[in-house]
Amino acid sequence: MPYISTRDAHRPPKTLAFDEVLLAGLAPDGGLYVPTAWPRLDADALASLRGKSYAEIAIAVMTPFLDGTIAPADFRRMAEDSYRDFDDPAVAPLKELGQGLYLLELFHGPTLAFKDFALQLVGRLFDHVLKKRRTRVTIVGATSGDTGSAAIAGCRGSDAVDIFMLYPKGRISDVQRRQMTTVDAPNVHAIAVEGTFDDCQDLVKAMFADVRFRGEMHLSAVNSINWARIMAQIVYYVSAALALGGPKQAIGFSVPTGNFGNVFAAHAARHMGLPMAQLVIGSNRNDILARFFNTGAMTIGTVEPSYSPSMDIQVSSNFERLFFELKRGDAAAVAAALTEFRRTGTLPVSRAEWQEAASLFGAARVDDAGTLAEIAATFKATGIVLDPHSAVAVAAARALRHDPAVPMVALATAHPAKFADAVEKAIGTKPTMPARLAALMHLPERAPELPNDLAAIQDFVRRHARAPAGVPT
Ligand SMILES: *Cc1c(COP(=O)(O)O)cnc(C)c1O
């Protein structure tokens, strides 16, 4: 499966293999890598996966994307190892909330958020590919909370990777911060930046745009633009659908959305042949996506803090992958439109493009009050405690569901204990803290603080990275 960049206007465009796309993250032209075709999982192939373990489904879904760049036995070992540490035997269990509405619990991994699904595997893939190539990389990333801890958990201890994770100081929860700052590994650096998540993301983009720095440090990324992360997230849509009667029965999904990575993985599963009744995007008060899908106007607002901080962003990087489809693969048009988006704050989208987008996704905005009300209502009706991100998905599912006879799955993307303060506001008590988290509260933190300044960040990375200094053992 060759991959191309969404902004490569050459004819024909340059194609890359899976392992190259894995290590590159963002394309040099600023675009995102996308597969040149979607592998098909027909009804028989899907049906044959029913009842299989999560790791088996993962291997079947992802193997066509690897293009022979990872030996099957190696990939099997990595897939099995990635999901072994999850604290539920089903890995991604479903719970019924009533009336055919389900919760897909994606918080049973090491950092208790759904990003572990991708990053446990991606960390192992990086280590494997780099050791084979006898080289090292420096991973830089921006996190609004959960990406950073999950990326660090996926890479800690790797001798081939140094990881630098920028987070907006004071804008992520205590637990999220401690999950990064308490990791005592020489290759792990969590940096508090005086700015917003979008500032952090801009700093990362600027580091990649600095060609000399990029080469010198062997820069790489595992943030949600990395294709391998999207690929790994396709799997739980398949496993959930199979558990609820798919592929015969089409299923609806509701996804609490920030960077558009998770919901794009759902869209990818649909491209591969998984029947979907509807696909709902839940936004918090930072509702650029909800405004776009409902009105056709994609205009950047200011980032406001909310109870679901992992969705507190305005520029959803992975939207570019959908936009590339709406533009029918016209990379020059994609590049021009995104330049204009950067310059004016408004993405030029035609009426036909918007109508197509709106036929593929529904979107609802759930503000802070709606988030707390959903946590309270679900708790009262079922005894289940939702975290604020999951509550956005459940509320959006209730708002936009077309047909109560069709199963609808809301994605529970974080454990409620990661956002205990918001939960307490909603139901009056803090959720019980799982042992994995309780242990963190007593460990010392290592948290350098840096200004929102490219030169200062680059200097820090230069002084701490091992990448230029030779090959891993
Ligand atoms: C990252 C994250 C999201 C948003 O996912 P995207 O792929 O960025 O859209 C939602 N909920 C939680 C808990 C997250 O960590």
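**A parallel sheet, its helices and a bound ligand**

Strand E5, residues 137-142, pairs with E8 in the parallel sense, and two bridges link them. Within this pair, Ile-139 has Ser-220 of E8 as its bridge partner. The model described here is a predicted one, and this pair of strands is a convenient place to start reading it. In general, the strands of a sheet pair through backbone hydrogen bonds, in either a parallel or an antiparallel manner.

The two strands belong to an open sheet of five, in the order E8-E5-E6-E7-E15, with parallel pairing. Strand E8 (219-220) and strand E15 (449-450) take the edge positions, and each has a single partner strand, so one side of each is left without a neighbour in the sheet.

Two helices can be followed from here. Helix H6, made up of residues 146-155, lies across E5, strand E6 (161-168) and strand E7 (188-193), and runs at about 170 degrees to E6. Helix H7 (residues 174-181) also packs on the sheet, where E6 and E7 are the strands it touches. The direction of H7 makes about 155 degrees with that of E6.

The ligand comes next. Which residues are the closest to it? They are Lys-115, Asp-146, Gly-258, Asn-259 and Asn-262, out of 15 residues that surround the ligand. Several polar atoms of the protein can be matched with atoms of the ligand. In the side chain of Lys-115, an N or O atom is 2.5 Å from an oxygen atom of the ligand. Asn-259 takes part through its backbone, with an N or O atom lying 2.8 Å from a ligand oxygen atom. For Thr-413, the side chain is again involved: one of its N or O atoms is 2.9 Å from a nitrogen atom of the ligand. Taken alone, the ligand exposes 380 Å², and the protein buries 97% of that area.

Helix H13 (319-326) is worth a look for its surroundings. Eight of its eight residues are buried, so H13 is largely enclosed by the rest of the structure. Among these buried residues are the aromatic side chains of Phe-319, Phe-323 and Phe-324, together with the charged residues Glu-320, Arg-321 and Glu-325. Leu-322 and Leu-326 are buried as well.

Just after H13, the backbone takes a turn of its own kind: Arg-328 has a positive phi of about 55 degrees, although it is not a glycine. Arg-328 sits in the loop between H13 and helix H14 (331-344). Buried or exposed, how does Arg-328 count? With a relative accessible area of 62%, Arg-328 is exposed.

Arg-134 can be set beside it. Its phi is near 55 degrees, again a positive value in a residue other than glycine. Arg-134 is placed in the loop between helix H5 (115-133) and E5, and at 54% relative accessibility it counts as exposed.

Cis peptide bonds complete the account of the backbone. One joins Arg-11 to Pro-12, with omega near -5 degrees, and Pro-12 lies in the loop between strand E1 (3-5) and helix H1 (18-24). Another runs from Gly-246 to Pro-247, with omega near 0 degrees. Pro-247 belongs to the loop between helix H10 (227-243) and strand E9 (251-256). For context, most residues other than glycine have a negative phi, and most peptide bonds are trans.

How values were computed. Residues numbered from 1 in each chain as written. Predicted model: local features only at pLDDT ≥ 70, side-chain atom pairs only at ≥ 80, totals over all residues. Heavy atoms only, no water. Pairing = 2+ DSSP bridges. Helix = DSSP H or I, 4+ residues; strand = E, 2+ residues; numbered from the N terminus. Contact = heavy atoms within 4.5 Å. Axes fitted to C-alpha atoms, helices over the stretch in contact; angles between N-to-C directions. Buried < 20%, exposed > 50% of the residue type's maximum accessible area, 1.4 Å probe, protein only. Near = heavy atom within 4 Å. Polar contact = N/O pair within 3.5 Å; in protein donor to acceptor, adjacent residues only side chain to side chain. Areas by Shrake-Rupley, 256 points an atom, 1.4 Å probe, with all protein chains shown as cover.
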